[in-house]
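Student: I would like a close look at one part of this structure and how it fits with what surrounds it. Please take one strand and its neighbours and go through them in order.

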Amino acid sequence: MMNDELTAESLARDLNTRILARRIVYYERIGSTNDVARQLADAGEPEGTLVIADEQSAGRGRLGRVWRAPARSSLLMSLVLRPALPPFAAPRVTMAIALGAVEAIRAMTGLPAQIKWPNDLQIRGKKFAGILAESGIVGEQLEYVIVGIGIN
């Protein structure tokens, strides 16, 4: 029988990365993965920290839209990034994540994933994922970008 349970341990074991997701913080239920990732970034958590959850009750999308995900219905994650970019270039991070996500989905599933700019992912015109990036800026310095992804 195949075990479809997603855990921090199974992710860490199966990933082959040097920076991304070297530290994984898992929650069974959370308000918002982006909120927790932002708190961790503000506390100095290193680049690549990944926050994942099975259920999200207070997620949000662009323009303040509410986004909820019942238990085990979606892949819910937020990544702490610390790019060496000026604040005005922060939207490039969303673009790079969107491109990487559709390439991975195409490679893993063979489905024709596409980007609906700036932050939606679609298959055959139907949204299946959203990306929400939030920046931490101090003065003229981009301290971090939190990139949240919810995949239905």
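**Strand E6 and its surroundings**

Tutor: In this predicted model, Trp117 sits in the loop that lies between strand E5 (113–116) and E6. Together with Met95 and Leu99, Trp117 makes a nonpolar surface patch of about 310 Å². That loop is a convenient place to start, and the strand after it is the part to look at.

First, the setting. The protein chain contains three helices and eight strands. Read from the N terminus, its elements follow the order α-β-α-β-β-β-α-β-β-β-β. Of the 152 residues in the protein chain, 41% are buried.

Now the strand and its partner on one side. E5 and E6 run antiparallel and are joined by four bridges. The two form a hairpin, with three residues between them. One of the pairs to find is Ala113, whose bridge partner in E6 is Ile123.

On the other side is E7. Strand E6 (residues 120–123) and strand E7 (residues 126–138) are antiparallel too, with four bridges joining them. Ile123 appears again here, since its bridge partner in E7 is Lys126. Gln122 stands opposite Lys127 in E7. The hairpin of E6 and E7 has two residues between the strands, and in it Arg124 takes a positive phi near 50 degrees.

Next, the side chains of E6. Asp120 and Gln122 point one way from the strand, while Leu121 and Ile123 point the other way. All four of these residues are buried, which means that each has under 20% relative accessible area.

Leu121 leads into the interior. The largest nonpolar core has 24 residues, and Leu121 is among those with the most contacts inside it, along with Leu50, Ala113, Phe128, Ile131, Val145 and Val147. At least two residues of this core come from each of strand E2 (50–60), strand E4 (75–81), helix H3 (91–109), E5, E6, E7 and E8. Another core lies apart from it; this one has eleven residues, including Val36, Ala41, Ala53 and Ile146.

Ile131 can be followed in more detail. Leaving aside neighbours within four places in sequence, Ile131 is in contact with Leu121 and Asn119, with Thr94, Ile97 and Ala98, and with Val147, Gly148 and Ile149. Ile149 in E8 is also the bridge partner of Ile131.

That brings in the next pairing. E7 pairs with strand E8 (residues 141–151) in the antiparallel sense, over ten bridges. Their hairpin has two residues between the strands, and Gly139 in this hairpin takes a positive phi near 65 degrees.

Finally, two values for the whole protein chain. Among its contacts with a separation of 6 or more, 55% are between residues 24 or more positions apart. The protein chain exposes about 9200 Å², of which carbon and sulfur atoms supply 54%.

Definitions and conventions: Residues numbered from 1 in each chain as written. Predicted model: local features only at pLDDT ≥ 70, side-chain atom pairs only at ≥ 80, totals over all residues. Heavy atoms only, no water. Pairing = 2+ DSSP bridges. Patch = residues over 30% accessible without salt bridge, like charges linked within 9 Å, V, L, I, M, F, W, Y side chains within 5 Å. Areas by Shrake-Rupley, 256 points an atom, 1.4 Å probe, with all protein chains shown as cover. Salt bridge = Lys/Arg side-chain N within 4 Å of Asp/Glu carboxyl O. Core = buried A, V, L, I, M, F, W, Y, C linked by side-chain atoms within 4.5 Å. Buried < 20%, exposed > 50% of the residue type's maximum accessible area, 1.4 Å probe, protein only. Contact = heavy atoms within 4.5 Å.
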